[in-house]
Amino acid sequence: MNDRNHLSKVSSTTSVNIIEDGIVDIPMLQLLNEDGELLKGAVAPELSQDQATRILKTMEYIRLLDERMIAAQRQGRISFYLACTGEEAATTASAAALFEHDMIMSQYREQAALAYRGYTTEQFMNQMFSNRLDPNKGRQMPIHYGDKALNFMTISSPLGTQIPQASGYAYGQKLQGNDAVTICYFGEGAASEGDFHAGLNMAAVLNCPVIFFCRNNGYAISTPAEEQFAGDGIASRGIGYGIKTIRVDGNDALAVFIATQQAREIALKDKCPVLIEAMTYRLAAHSTSDDPTGYRSKEEEAKWRLKDPINRFKQWVIGKGWFDEAEHEAYITKSREDILAAVKTAEKVAVCDIDDLVNDVYDTVPWHLEEQLTHLKTHIKKYPDNYPKTSAEVK
Amino acid sequence: MAKMNLLQAINNALITEMERNEKVVVFGEDVGHFGGVFRATSNLQEKFGKDRCFNSPLTEQGIIGFANGLAAQGSFPVAEIQFADYIFPAFDQIVNETAKWRYRSGGQFSCGSLTIRTPYGGGIHGGLYHSQSPEAYFAHTPGLKIVVPRNPYQAKGLLLASMRDDNPVLFMEPKRLYRAAVSDVPEEDYTLPLGKADVVEEGSDITLVAWGAQVEVVQQAAAMAREDGVSCEVIDLRSILPWDAQRISESVMKTGRLLINHEAPQTGGFASEIAATIQDKCFLYLEAPIARVCGLDTPYPLAHEKEYMPDHLKTYEAIKRTMNY
């Protein structure tokens, strides 16, 4: 038994002292004000001009991508989309503070982290159009990205399942001396799942170098944070599990960057988990299947639009004298054109071969799936008009 | 009578029961003010207050564990799991607690008043996590009842019966039909029997068994077979557990042939149980092997959803093979 959990650390008292909530006050790290000016006493992290402009461009790119893909969904070109509007700083700046060999295990609203790593417009489109160029073979709904080369684990829809997995992944990294951490993204809603509690506890007990990054964006579909938990957000739970914890302004890219950078150092040096709670707001609908007018007011949304994380960081970059207006405009224009062109290209690419229906269920295709596939091909040959995606290849 | 879609029929059943029994409590993710992501619980919070219809935190194991306790206390919980694909964190609570509570306490306590509602099934471009049909996992659990409606009329009558049945019921709603299926539904209170299959079309050559959204698929196949002069008896199983083996046996003794269709993967699917029981009860009446038209033994696909589905054409071909055996 070590000191951490031994009874000898528990002091005694003779007074009946039932501890009330709110006794722990966890402040929020903030470096920039809403106009992008450094707050009094705040020290900006060491961020090169290249890094800063890359963060800014990634955020702008993702906002464009989100807008275009919501439109593409409305036009019936893709079946589903999920935007991260309002939360760009939280994911972009945290991803920017990592090394490329660090693992990212995301929930599903972290496309900005993937873009920062270098995922291309074409790659985004191949996944969203479920075509044969998607390395995940078109098996999941749009936005369920995954890319081994970029150390970005393929997304799973069930909520919170990645949290204990990240603990295990990080434990393996530590065991093999990889000098790398795992970052695990999730929302405040997913933090209600049993997997959250299991994952944090295991990471703490087993000293896993994992960064738990909670995007507390105020809503889980329609359920507001006040109906999700009664305590002091998600940060207070980290303390309960014996995990080093920091709360940051998720709309302040500088604060997110420095918090994640330090969390990474601590996770590696002390071989332990760190929890970051980023306070932000999901300006987007939950997804294209959702309509926020059913549960929140326009006034509330307007209030948060003023706290736009992109503009805030942009003002800081301008203040540093690093912003090139013309170059930036050219970048936005080109990104918009690239996205439009990539949509048109990706939607014309065929889906995977029919054989990929049974591949990857196991490492090799077992006899019963071979049999089912043969049977299916015979059937498609008989009714080619009814299976237009695959009839050409089984002729 | 009123024209209702399947969601409206479910909403109507919930209102009917909440008015009749003040111990009914409805909850789950987003079911409160918003009325659920499919709007099955629309207006319930406004009508019955936040104490009787509310959002739960995002935890399926919590939802069912909470519901189990509430049921054991004597309330009538109707717990929603937003998608059947997300029911698995609650698997322990359902399999080890909900289903076994009565047995382990010698009948002193039970979760008999619990109803779990969950949308299931594919055909909505949902891929592997918004399309599954997990009824067979639960059919292996003594103590549970499993009910699946095929249309709005059935949905209201079966849901009312489920909420009043003194056993825990897993009520699986075919989400593909939520808005697509519209039928006349009585506005008054009525129930339909649990554990009883429903003969949708009478016939003499082959019995076709399905449930939920697949009933209309086998009906389409039956119509094609009719053109070939084959008379199909279409039966909606309605209850997966306990299931109406007697009604299916009677039909197979008449037709001599059986085909079972379900969306879930074939291996270990509920068709296997039906086939085993029917060959036992009707062995000397069978003129052909029992046919299964099911999903493939793969996770539910996205790009190849159409190829995966046990559609009317695959069913029609299987009818022909069975007839020509």
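Which strands of chain B does helix 8 lie across? Helix 8 (residues 214-227) of chain B lies across strand 9, strand 10, strand 11 and strand 13 of chain B, as the first view shows. This is a predicted model, in which local features need pLDDT of at least 70 and side-chain atom pairs count only at pLDDT 80 or more, while totals for chains, interfaces and linings use all residues. Residues are numbered from 1 along each chain as its sequence is written, chains are lettered from A and ligands numbered from 1 in the order in which they are written, and side-chain values use heavy atoms, with hydrogens and water left out.

**View 1. The sheet of strands 9-11-10-13-14 in chain B.** These 5 strands form an open sheet with mixed pairing (two strands pair if DSSP finds at least two bridges between them). Strand 9 (198-201) and strand 14 (291-295) of chain B are at the edges, each with a single partner strand, so one side of each has no neighbour in the sheet. On average, neighbouring strands are turned by 25 degrees against each other, direction ignored. Helix 8 of chain B runs at about 175 degrees to strand 11 (232-236) of chain B (axes are lines fitted to C-alpha atoms, for helices over the stretch in contact, and angles run from 0 to 180 degrees between N-to-C directions; contact means heavy atoms within 4.5 Å).

**View 2. Strands 13 and 14 of chain B.** Strand 13 (residues 258-265) and strand 14 of chain B run parallel and are joined by 5 bridges. N261(B) stands opposite V293(B), which belongs to strand 14 of chain B. Helices (H or I, at least four residues) and strands (E, at least two) are DSSP runs, numbered from the N terminus.

**View 3. The sheet of strands 3-2-4-5-7-6-12 in chain B.** This open sheet has 7 strands and mixed pairing. Strand 3 (53-55) and strand 12 (239-241) of chain B are the edge strands, each pairing on one side only. Strand 2 (residues 24-28) of chain B runs parallel to strand 3 of chain B, with 3 bridges between them. The bridge partner of G28(B) in strand 3 of chain B is N55(B). Helix 7 (residues 152-164) of chain B packs on the sheet and touches strands 4, 5, 6 and 7 of chain B. The direction of helix 7 makes about 165 degrees with that of strand 7 (169-174) of chain B.
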